[in-house]
Structures are given as structure tokens and as C-alpha cells.
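User: Got a model loaded here and want a quick walk through it. Can we start with one residue and work outwards?

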Amino acid sequence: MSVPQKNKLKFNKLRRKIDFSYEKWSQIRKQTRPKFIIGQQRALEAFEFGIGNKGTGFNIYVSGYPGSGKLKALKSFLEERARTEEAPGDLCYVNNFKDPYCPKRINLKKGGALIFRNEIGQLIEEARDALIRAFESKEYANKRQGVIDHFKQQEAELFKKIYKRAQENSFAISRTPIEIIVVPIDDRGNPTSDTVFKNYTKEKQDDILRKRDMIMEELKSLLRKNRALERERNKALIELDDSVSIYAIELLLEELRDKYKDNEDVLEHLEEIKSDIINNLSNFLEVGRPSPALTTGVDKKWLEYDVNIITDNTELQGAPIVMEFNPTYNNLFGKVEHESDMGTMVTDFTLIRGGALHKANGGYLIIPVRDLLLNYFSWDSLKRALNNAQIVIEDASERFGFMSAKSLKPEPVPLQVQIILIGPPILYYLLYKWDEDFKELFRVKAEFDTSMSYTAAHVRDFASVISKIEKEDELLPVDLSGIERILEESCRLAEDQKRISIRFGELSKILQEAHYYALSDKKNKITSGHIEKAIESKYYRSNLIQEKINELIRRNTLMIELEGEKTGQINGISVMDIGDIMFGRPNKITVAVASGKEGIIDIEREVKLGGPVHSKGVLIINGFLRDHYAQDKSISMMASLVFEQSYGEIEGDSASSAELYAILSGLSRLPIKQGIAVTGSVNQKGQIQPIGGVNEKIEGYFEVCKQFGLNSEQGVIIPRSNIDNLMLKPEVVRAVKAGKFHIWSVDTVDQGLEILTGHPAGRRLKQGSYTKNSVHYLVDERIKELGRNLSGKSKA
């Protein structure tokens, strides 16, 4: 059987051969600073426009597929930009002495939080020492005693008259801690006993009781005045203590007031500390009480004066860049922790913890969008924070409307941050369509491509990145053959001879594995052989399923014919994607033709194994048949179409041309060469359209043919528009060069028919028929015959 030469591709069309001069590669490897973003001009311009517009809705969605290097490129770009920006200040929370459940926020200059905390700790410690010295001083004791003596003298003057009157009326006044007693006395000043009192006449007893009641009434009035004196005395003592306290700590506060004269929040807090110290002098004057030591947390009784640092940017140079890969609600917005105290959960302002938004405030926060959407509350809360321009720390349970334990409500923090979401394109489109806030908050889209055009400049940029990977990962140097081989693999990953893949994550893995093989061979360079071995080994580790399928074909369990000719039967090729590997496998497609009016019966669709795109392809075949053969008659036929031994869902239209060839073979009774497999979709006009996975399909069929032995008559027909996508394995290219395997490219069904059947496809004549004995002529005649048969049966 002769091999059709028309439309056959030469071996040099099957793979782009890279020629990379040694001089260029050696120069590139000497470069110290390769570009951090290559082939991503669109994304770069989006970064230039969007980055830096914090708090105005110009947040960024970085769109790209895994392995496109978007995170590394974004980080490099941000580091360059953030380095030129001013670093934000520090943030801390302090006790709200008026309402402890609403801690106050204090913003300080960069590096100021830790200093401020130490200053407050020192203030409290020095204040305690100063107060103890002041209140233990002789001067204070004298002043206090003077106040007490002054009021004692007033008290004595107050009771002097009542004591004299009582004595003149033969009474004595006795004061005890719990009562005041007025008792009659005799001439010697001794209290009158009950026996003596009873011996008095009735008139004398009444006179004594009357005088006693009169003295008691006057005494009660004096006692009320005395209580007023006691209050004045206590007030005077408090004022004395206050004045002494103020004097003792005022000098300590003055220095801090002067330092923070422009920070109203700090000045207000210092006044509250001053008031609280004065109101709680006893805490500071307790004998044997340990030093406050706020920074060491020795004594929790002093924590009300502590400073809880939320962000400390002392070491930060430029704007902060924070990457939060676990964007839970608490990780983003912070939380208020609780401690167990005698079985009860308690908290205070020192247990407030900041989140990623606090750390990134004034800079940039990078979040994977998929993880953000999967974490409950995180997405809605982030949008609320951006809309309100503030960070609110609250317990997540409050969002449910109930509280599990009493918590705090820290003062909100003003938010000025640029959020950068990283995710796949599909999530961008879904959010843009269904979330009305998204399009207002994320106005900038930075879209990353997975490949770039094959130009001399881009090749140099690509090589410089490979050199950078080599240095960063501490790999053995890649030699000239190695860089050429990795560049070839990059074109294969791009599935295009005219483009270079920039999925450097995948390429880096190949280089790392090649480094291992180079070390195993005790070589000091990574060569093309090591890279080839890395590629093949990765494929080998994942292609067990493919080998099992090929074994079934070899044992004729899956029946695939690879030689001879058959009518109404053809080998199509499908692609199986099982995650880490894609491979092609042949599928036997058969057609049974008979008289009838059912048209094409797609058995896959009838049993609900055909997907909508596959069903569309079958309907397009119907359109082709009507366009070519139903201009002067109706088509009366039945053609059942099936993928043999296929038990899973079939989707896609890449087999539609193979299905059409099988139908035309069945109608024309012309056999199809079984050694030739076909891929490509078809339109109603008979044009062959491009498909995906062309390399995997050819290589998969090649593997099947190879295990039976190549007979120099086997090959694959592909769409001509897929030629630029060819980056076949060197083994396939060598087989084509040796004439053991063949690849044809076609633009139309007619070209494919001539390769498969060896007959001319035929052309339509003016009267509507086709050139005699051509494929189309035979099909047209068979359709007429089937129509006559059906008409004859109907008459019978």
C-alpha cells in the first residue's frame, strides 16, 4: 500500500529546533539582575497604573493560571515600589479607664510603640517610688497632722459649750465608737445609779429626764455639725493627698507631655493615667507591693497601665508587603483572646491581637482569592472594611448575633491599604458578574499570560530567567545544549512553535530534577540529556494508566486495527487528562448505514454518554450532508454512529471529522486505511478546524503503533491550522524522518478523504452532480439508492 504524499508534513515542521549561540548564553549568565517580569507587558502596565492607589477602590485582581509566575513577579514589582514609599507608624491599644470594654487606639510614629510602652512602664514605676517617698516624708506627716489638729480643735470648740451645760445641769457625756450617752451625776461627779435614781421623787426624776432630753437634742444637732466637720476634714485630707500626688508625678508627666505635644491621643491617655493614679493611691502605697514591671508582666494588677503593641514597624524599610495565605477571619482582622480565671473566660485590652490588615496598613496585602472565598465571613468583612476604610476587631460570634463570652470592642483603626487578590480568571469573571461590590472595589485587573511570542528579545529574557533560577536554587550550571532543550520544552508547554511558555514554575521543577541526574552522573553541568531524562522520568512516573490502556490494545481487549482497510470504520484520537498528565489514545469509530428516515443516530447521545459539544459536532455533520447531497433531493438514510468500547462520557468535537469520514466511507463503500488516525473538528462547509492537545494525540497513537511495530504506513491526519502547535517528542520526529511514521495536514474534508481512501474527493459540476467515480459521486449515488429503496418499501 503506497503512502499518500500529498499534504504530508516534513520532519522539520514537527518540532522547532532551537539554535542558541554560546556567546549569547555566556553573556546572559553573567548578568546580575534579570527582569523580574517578562512577556507580561499587559500585567506590568496594570501594576504601574494600579499600585500605590490605596483606599480609593483601585485594588488589584491578579489573574493568571498556576505556574505563570504571577506571585513572584508581583512580589518583585511591589518590593521595588514599596522601597520608595514611607513606612507607616506603629499601632497600639491602651486601657480606657472610663470604659474598660472599649480600649483606645493610639497611633505613633515608626518605632514609637515599643518606646512608648517602655516610657509608660517607667512612668508607673517612677510614680510609685515618688509617691512612696512623698507620703512617707516628714513634711507630709506634718501637713496631715496639721489638718487633723485643726479639725480636732474645731470639734473641741463645737462640743465645749454642751459639755459645760451638761456639767452645770449635773450630767456627764460619754462618747463611745458606737454611741453617745448622757447620764446624770452626783455632787462628786459620779454617775447616778439606778437605785439612787429610783429613790428620787417623781418630780425630780421628771426634771432629770427633761433636762437629759434637752441635752440630747442639742447634742444631736451638734453631732450633725460634727459630721459636716468630719467630711470637711476628709476632703481636706484628700485634697492634701491629691496635691501631694500631683506634685510627685507632675514632673514625671511633664517630660512626656512635651515629647508627645502633637499627639492628642497620647496626651489624653497621660491625663487618664494621672487621674487613675490619684484615685488609686492605695495600690501604689501598699507596703511590700512588687514593682509594676509592665514590660515583663510580673504582676497582672498593673496591666491596666500597659501598652498593647499591635504593629511594630521599627525594622520596616518602606511600605509593608504582607502575604496572607490563610485568610481566616481572625488572621485578617485580628481577635480578642480570652483566658480562664477560676472557670470563667475573661479578657482585657492586653489580649487584643492584630491581623494581616493591621500589619499591611499603609502598604500592600496579597491574598489568594480562592482561600479568601472559602473562609467564612472573610470576604464580606474585607469588603466592609474597604468600604468603611477601617478595621474593626470583633469576635466572629457577634456576626451570628450572640456572644459566647464577654468581649471587648476596641476602637476601630483607620484603614489605608491596597488589597491584591491572586486567582484564576474564572473567579474574576464570576465575582465581576455576581458581586456588585467587587467591580467597585477591585477596579484594576492585571492579567498574566502563560506564554510570549518567540522573538530574539524574548528568548534572551527567557534565558536570563533560567539563569536566575539556576542561581537561586543553587543548581549546577546549564550548558548550551541544556538551555536549548529547556527552551524547546517551553515551546511544547506553550503548544506553539511561535511562542514560549513562561510557566517558570513547571520549568524550574524540570531543572531541579535534571540537577539531580547530573549529580548522579557526577557531571558538573546540566546537559540536554539530563533535561530530557527529567522530562521522560516525570512522564514515566505518571503514565501507568496509559500503559495499561496500551496493554489492553496490544492484547486485543480494546480492539484497534492499525493496518489494512475497512469500510465505515476509522481510528479517532481522544485526549485523556488525568491531572498531572495528558495522553492520547485511539478510539475505533464505526458507522452502519441503511435505508431509513432517521438520519444520523448518535448512539453516544442516545444513551446519554455524549456531551453537548460532541452532540453539536454530530449535528454539524448533518449540516454537511445536507449542504453537499440534499440540494436536489431529500436524504433518506439511517447511519448509526458509535465509539466502540467506550463506556464513559464523550465530550468535544475534535472527532467530528473522523466521524464524517467514517459516514462517507460507509455511504461510498470505499474502505479507509486503518493505519491512519484522524483528529480535527469540521464545519458544515467541510473545513477542518483546529483542536487542542495535538501533540499528545499524535504521540499517543504513535506509542500504540510502536508496540505493534511501525510498518511505514501509519500516521495521523491533523488540521493544517495546528501545524504551528507541533512540538513532538524527538522520537516521533526521528520516526517521521526515517519514513516509519507520517503526519498529514489538511484544510478540508476533501483532502482528508483522498488520503484515507486513495480516491479523488470529486468536485461539484454545474448541474449539481459530482465528477464520476469520486468519493462524493459515490456517496451521492448511494444516498439516491437508499432513497429509492425506502420509496420502494413504502409502495410495497
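User: Which strand is N308 in?
Analyst: This is a predicted model, to be clear. In it, N308 lies in strand β6, residues 307-311.

User: Is N308 buried or exposed?
Analyst: Buried. Its relative accessibility is 9%, and the cut-off for buried is under 20%.

User: What does the N308 side chain reach?
Analyst: The backbone oxygen of F349, at 2.8 Å.

User: And which residues does N308 touch, leaving out those up to four places away in sequence?
Analyst: Two stretches show up in the list. There are L91, C92 and Y93. Then there are F349, T350, L351, I352 and R353.

User: Switching to aromatics. How many pairs?
Analyst: The structure has 21 aromatic pairs. Take F47 and F77: their ring centres are 5.3 Å apart and the planes meet at 45°, so that pair is tilted.

User: Where do F47 and F77 sit in the chain?
Analyst: F47 is in helix α2, residues 41-50. F77 is in helix α3, residues 70-82. They are 30 residues apart, so to speak a link between distant parts of the chain. Both F47 and F77 are buried.

User: What about Y428 and Y429, what geometry there?
Analyst: Edge-to-face, because the planes are at 80°, with the ring centres 5.8 Å apart. Y428 is buried at 11% relative accessibility, while Y429 is partly exposed at 43%.

User: Which cluster do ring pairs link Y428 and Y429 into?
Analyst: One that also holds Y61, W379, Y432, F438 and F442. Y432 has a charge over its ring too: the charged end of K439 sits 4.9 Å from the centre.

User: Which ring does the charged end of R443 sit over?
Analyst: The ring of F58, at 5.1 Å from its centre.

User: Now the sheet. What is the strand order?
Analyst: It is an open sheet of five strands, β7-β12-β15-β1-β16, with parallel pairing. From one strand to the next, the twist averages 20°.

User: Which strands stand at the edges, and why is one side of each without a neighbour?
Analyst: β7 (321-323) and β16 (444-447). Each has a single partner strand, so one side is left without a neighbour in the sheet.

User: How many bridges join β1 to β16?
Analyst: Four, and the two strands run parallel. I60 has V444 in β16 as its bridge partner.

User: Which strands does α2 touch?
Analyst: α2 packs on the sheet and touches β1, β15 (418-423) and β16. Its direction makes about 150° with that of β16. That is the helix that holds F47.

Notes: Residues are numbered from 1 along each chain as its sequence is written. This is a predicted model: local features need pLDDT of at least 70, side-chain atom pairs count only at pLDDT 80 or more; totals for chains, interfaces and linings use all residues. Side-chain values use heavy atoms; hydrogens and water are left out. Buried means under 20% relative accessible area, exposed over 50%, partly exposed in between (1.4 Å probe, protein chains only). A polar contact is a pair of N or O atoms within 3.5 Å; within protein, one must be able to donate a hydrogen and the other to accept it, and residues adjacent in sequence count only if both atoms are side-chain atoms. Contact means heavy atoms within 4.5 Å. Rings of Phe, Tyr and Trp (its six-membered ring) pair if their centres lie within 6.5 Å; planes under 30 degrees apart count as stacked, over 60 as edge-to-face and the rest as tilted. A charge sits over a ring if NZ of Lys or CZ of Arg is within 6 Å of the ring centre and within 35 degrees of the ring normal. Two strands pair if DSSP finds at least two bridges between them. Axes are lines fitted to C-alpha atoms, for helices over the stretch in contact, and angles run from 0 to 180 degrees between N-to-C directions.
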